[in-house]
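Subject: Structure for your files

Hello,

Please find the structure below. My notes on it come after.

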Amino acid sequence: MLKSDRNHNCVAMKEDGDVSLKSSSKEEENVVGYHSTNVKKVRLNSTLTALLDDPILADVPKKPTLLDVDTLISLELGSAMRISVLKLDGTIIDVAIMNSALLKDLKLAIKKKVNEMEQSKMGHRHISWKHVWANFCLAHHNEKILDDSSALQDFGIRNNSQVHFVPYVMSKNSRRHSRRRKHRFFHGLNKCT
């Protein structure tokens, strides 16, 4: 019985040794795996940064999404178009959108491009796009584009076309653009007299 107890203890010690060896090897794998994953991420980020700094890829955003890359590939293949947007301050921005894009797609691309530019220049800055679109609209060859669901091609907008912002105020009642501003500065004073 004494001999079997020793054998049992030896087996138990051997198993404990195996467990400690297994756990230490797992810890080493985790540490090595952690470092190799970090190394891979750092290499990928440095490669991506180097690629995005290349002048050939200047039109690719700094943090591109899959949609951005897809649109740029479509632009190269001819199924997307580049549109220049003339802002009121005289600066021009270029956006790439699909050939079948609607006005709402163009507005979204402008919003994204301007926000990205403002973020890179000034840090966090909030632009009220609701205010922008309530007071301005886009025009192409002096024809105002008002309906968000209208196709840009219906207005003659093609690749390398230019659109520009024009002042235009939306009335609150109809949520449509009006020809003139509906409210006055001293509107409340007329009711008192």
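The notes go from the whole chain to its helices, the core and a few single residues.

The model is predicted, so a word on confidence comes before the rest. The mean pLDDT of the chain is 75, and 66% of the residues score at least 70. Residues 6–21 have pLDDT below 50, and this stretch makes zero contacts in the model beyond near neighbours in sequence. Residues 179–193 are also under 50, with three contacts beyond four places in sequence. Where pLDDT is low, the predicted coordinates should not be read in detail.

Overall layout

There are five helices and seven strands in the chain. Read from the N terminus, the order of elements is α-α-β-β-α-α-β-β-β-β-β-α. Of the 193 residues, 25% are buried. Taking the contacts between residues at least 6 apart in sequence, 49% join residues at least 24 apart. The exposed surface of the chain is about 14800 Å², of which carbon and sulfur atoms supply 57%.

Helix H2

H2 covers residues 66–77, twelve in number, and its first and last C-alpha atoms are 16 Å apart, close to the 16 Å expected at 1.5 Å a residue. Its buried residues are Asp68, Thr71, Leu72, Ser74 and Leu75. They lie on the same side of H2, because the arc they cover around the axis is only 160°. An α-helix has 3.6 residues a turn, so residues three or four places apart point the same way. Leu66, Glu76 and Leu77 are exposed on the other side of H2. The cover over the buried residues of H2 includes strand S1 (80–86), strand S2 (92–98) and helix H3 (103–122). Gly78, just after H2, has a positive phi of about 95°.

Helix H3

H3 has 20 residues, and the distance of 28 Å between its end C-alpha atoms agrees with the 28 Å that 1.5 Å a residue should give. Buried in H3 are Leu103, Leu106, Lys107, Ala109, Ile110, Val114 and Glu118. These residues fall within an arc of 165° seen down the axis, so they line one face of the helix. Leu108 and Ser120 are exposed on the other side of H3. The elements that the buried residues of H3 pack against are S1, S2, H4, S3, S4 and S5. Just after H3 comes Gly123, with a positive phi of about 80°.

The core

The largest nonpolar core has 23 residues, and the members that touch the most others are Ile83, Val85, Ile97, Leu106, Ile110, Leu138 and Leu152. Two or more residues come from each of S1, S2, H3, helix H4 (129–135) and strand S5 (162–167). H3 gives the most, with five residues. Which residues does Val85 contact, leaving aside its neighbours within four places in sequence? They are Thr91, Ile92, Ile93, Val95, Ile110, Leu138, Val163 and Phe165.

Single residues

His140 is in strand S3. With a relative accessible area of 4%, His140 is buried, since the cut-off is under 20%. Not counting residues up to four places away in sequence, His140 touches Ile145, Phe155, Gly156, Ile157, Ser161, Gln162 and Val163.

Two asparagines have a backbone feature to check when you go through the loops. Most residues other than glycine have a negative phi, and most peptide bonds are trans. Asn142 has a positive phi, near 60°. Asn142 sits in the loop between strand S3 (136–140) and strand S4 (143–145), and is exposed at a relative accessible area of 72%. For Asn160, phi is also positive, near 65°. Asn160 is placed in the loop between S4 and S5, and counts as exposed at 59% relative accessibility.

Regards

Definitions and conventions: Residues numbered from 1 in each chain as written. Predicted model: local features only at pLDDT ≥ 70, side-chain atom pairs only at ≥ 80, totals over all residues. Heavy atoms only, no water. pLDDT = per-residue confidence, 0-100. Contact = heavy atoms within 4.5 Å. Helix = DSSP H or I, 4+ residues; strand = E, 2+ residues; numbered from the N terminus. Expected span 1.5 Å × (residues − 1). Buried < 20%, exposed > 50% of the residue type's maximum accessible area, 1.4 Å probe, protein only. Arc of directions from axis to C-beta. Core = buried A, V, L, I, M, F, W, Y, C linked by side-chain atoms within 4.5 Å. Areas by Shrake-Rupley, 256 points an atom, 1.4 Å probe, with all protein chains shown as cover.
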